[in-house]
Amino acid sequence: MRLVYDGQPIEFEGGDTVALAAIRNGQHPARGGTLCLAGDCGNCVATIDGTSWVRTCQTLALPGVIVARHPDGVNPTMLGPDTAADIDVRHLSVDVAVVGAGASGVAAAAEQRTAGHDVTVYDAGQGSEVVGTFAGPSLIVRTATGIDHVHAHSVVLATGAAELHPVCPGNMLRGIYTQGAADAIAAAGIDLGTTVTVSTDVARFEAAEDRPGAVAVVVLRDGTRHECDAVIVAAGSAPRDLLARMVPNVRVTIVGPAAAAHDLPPAPTGGVICPCSKTTVEDLQGVWDKGFNELELVKRASLCGTGTCQGSVCGPHLQAWVGERKGERPLPFTGRPAARQITLGEAAAGYHIDTFRRTPLHDEHIALGARLDKFGGWSRPWNYGDPVAEYWAVREGVSIGDVSTLGKMMVSGPDVVEALERIYPNHVHDIKVGRSRYVINLSERGHVLDDGMICREDETRFLLTFTSGGASVAEMWVRDWIETWGLKVHVLDRTVSHGAINVTGPLAGQLLQRLGVDAASMPKFLQHRHLDVAGIPCHVMRLSFTGESSFELHHQIHHSRELWQALLHEGRSLGIKPHGLQTLFGLRLEKGHVIVGQDTELDSTPRRINMDWAVKLDKPRFVGRDALIRTAPLPDERRLFGFTMDGPAPLEGSVIRPTTGPAAGEVVGHVTSSWDSPLFGHAVLLGWQKRLPHSDVVEIDGREARVSAVPFYDREGARARM
Amino acid sequence: MLACEVTFERLAGWRVIAEPSALDTVAWAPDATPVRISPDDAFVIGGPAPGLSDPHAIVTPEHGFVGAALTATELDHLATHHIEWSLPATWPALAQGQIAGVPAKLVLHADGSAQLLVATAAHHEMADRIGATPATGGTR
């Protein structure tokens, strides 16, 4: 039988691992370093059938397998041919998990079974390799078919002990084996030639001129020299406790040699201590001299122990080296998953990125050629190909936008007014039935969390809206406060149950009339009504984010597509176009409406964003009131401003520098929103100035910008009331 | 990844938010299947709008969920491959949590079968992740 090794076929015997097959053919499985052939070190890793970082000593040789040694001194790409989707993940619950099927594992399993437990044994040699332990406790197990996430009531680690490798000059030569490796090689019938067996008494290894890179002489500490073809190192062992060190504060039991007390080897004085990271003893001294005088710091600064074997080889030597300098034996460093190299696909398998929801109009947007983007946890149309045309449709005709993503919450109960008065800084009790009001939410520190509308349905029932990105947090926020106060209020988050379409533009009302809404029942600005639009029951809210006359049509989501299509069909003769977020953001910017989270910062107060008008400090109580009263007398450097400048609009995030005054030339803030206004023919911006005195003229993107009153468009608000 | 070959269907019903005591005493219609999401919250699949003794109760049509009926075998497959948490020990029961990373509910029946409930807005993602077929349609 033959496999392909570095491009050449080599013979192997049945039962050989890839590493043994290489040794059988006079090859060294890696460029150098001691071999343990027990899976502890990373010195035999290679790329096998396209997957890099595979331990060849743990991989059975099979005909036709393609093996490529990793390039010397260069890390290969850490990718395997698989992806997470290719890998079968199982989530399993077990009673007792015993890791290791050696003598101590067998004994531990028997003991647990005698105690009445259901025992599952995991062992790499039996096809179930534990590569990580986590709190829970839980185990990540690699099997022949995929990855198992194992949740155990208890875990027993019986992982045995790992043989120590020599650390001295020349220890990266080929031809050095641990005793266990030598035994395995002998058992495979492979002759290593003349061997010398040493312990911790090695001073250095040397190569011969005719065999560069391979050990030819071992020099002991007493100065004696021994010529050889190979060296066998019997230097003792240390607990194979990497899995235990990954969960230092979690209840796992360690038994057998993995838990045994052990002596550290002599502190090394030269050579490569960490074969994985190629860290030398001289490297350790270098970082030590820079002040990294704790074991964990030496590890991080030198990378010793951060490689393939996660310290299995170098850990005891590093403990000895640091211990010698500190005068006491340090604890071993924390273990990090994975204990064995897994592919990125294996690492990612079973884990998911956040869900991005689809609105009920998702397919309609795709059919209209929308470019979709992800905002606030939703897939949303960014534009439909021509954002400027979409803009003019809103400003001069009629347009529709999908605002189904808005947070929508129904609240009802005898204490609902009291609850809302406490939650919101604006007045609530005087909102008449059928009317609505813009509101902001504040944190206890008086910082703006979110904004939206309050619509009064009847004396004890309101509909609240929130931003798309803030909806889920808002629900928790409202529920938490209502529970804290012990008020009787029912809460229903219907964000995903109700769609919403914004019909906006000077012809918006006309379009609704064409779809069956009579002029007399059309809600006026900041009114809301329950009306049928195209025969579909809608909660129609008259408000305006775009600056134009706007009607939000809230409805049950199973009607969304029908309503959308009816609006497009009936609006065709009015020149209707749908608009996406790109246009919406520009439209609202011209009106100076902030987007919470984009124009605000985590500590933005209403004063800082010029929204004191939305706060009524004459109210006796609301969340954030105490903080606002406490900070009101204090000077506040931070302020959000409107700016205008000649185009093109600078990138959002561009820095703002005053051109005059004490802070001239210094960065005092950044642009939060930026838009080339088709109407004005220049750029309009929002941005922060965070140094006093605030400047009227600043430099943005190397050009002059001037502070401007906000809103930029329709300061009287007449168009929204048309 | 092995597929969970089920098909989601749109569900129609009622969402009822009320005092727990009021929900406890509702006489549900024979063709209604109530799912008690929390003490004050029920999703009722099918049937007419229920009457409640709580004058402030919120009773509203609910079309925000899709569902998939699972046989015991399909549930076992789903639990093994896509659910990181343990199912309740005694059934019937309602279990709620992430399935394949998507918030979901499982109505577990005494015979070992189950109904999987997911928000319509997120079910495409779940269908993609578990290999199921998403619901079609969307108009009335």
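**Exercise 1. Find what share of the 722 residues in chain A is buried, then do the same for the 140 residues of chain B.**

Let's start with chain A: buried residues account for 49% of its 722 residues. Buried here means that 20 or more other C-beta atoms lie within 10 Å of the residue's own, while 12 or fewer makes it exposed and anything in between partly exposed, with C-beta atoms placed from the backbone. For chain B, the buried share is 40% of 140 residues.

A word on the conventions: this is a predicted model, in which local features need pLDDT of at least 70, side-chain atom pairs count only at pLDDT 80 or more, and totals for chains, interfaces and linings use all residues. Residues are numbered from 1 along each chain as its sequence is written, with chains lettered from A and ligands numbered from 1 in the order in which they are written.

**Exercise 2. Compare the radius of gyration of each chain with that of a compact globule.**

Step one is the rule: 2.2 Å times the number of residues to the power 0.38, with the radius taken over C-alpha atoms. Step two is chain B: for 140 residues the rule gives near 14 Å, and the chain's 15 Å agrees. Its C-alpha atoms fill a box of roughly 50 × 40 × 25 Å along the principal axes. Step three is chain A: a compact globule of 722 residues would come out near 27 Å, but this chain has 35 Å. The C-alpha trace of chain A spans about 105 × 65 × 55 Å along its principal axes.

**Exercise 3. Work out the strand order of the open three-stranded sheet in chain A, and say which strands are at the edges.**

First, the order is S22-S24-S23, with mixed pairing. Strands are DSSP runs of E, at least two residues long, and helices are runs of H or I of at least four, both numbered from the N terminus; two strands pair if DSSP finds at least two bridges between them. Next, the edges are S22 (357-358) and S23 (371-375) of chain A, each pairing on one side only. Now look at one pair: S22(A) and S24 (residues 378-383) of chain A run parallel and are joined by two bridges. In S24(A), A:Ser379 is the bridge partner of A:Arg358. Finally, helix H15 (residues 581-590) of chain A packs on the sheet and touches S23 and S24 of chain A. Contact means C-beta atoms, placed from the backbone, within 7 Å.

Technical notes: Two residues are in contact if their C-beta atoms, placed from the backbone, lie within 7 Å. Axes are lines fitted to C-alpha atoms, for helices over the stretch in contact, and angles run from 0 to 180 degrees between N-to-C directions.
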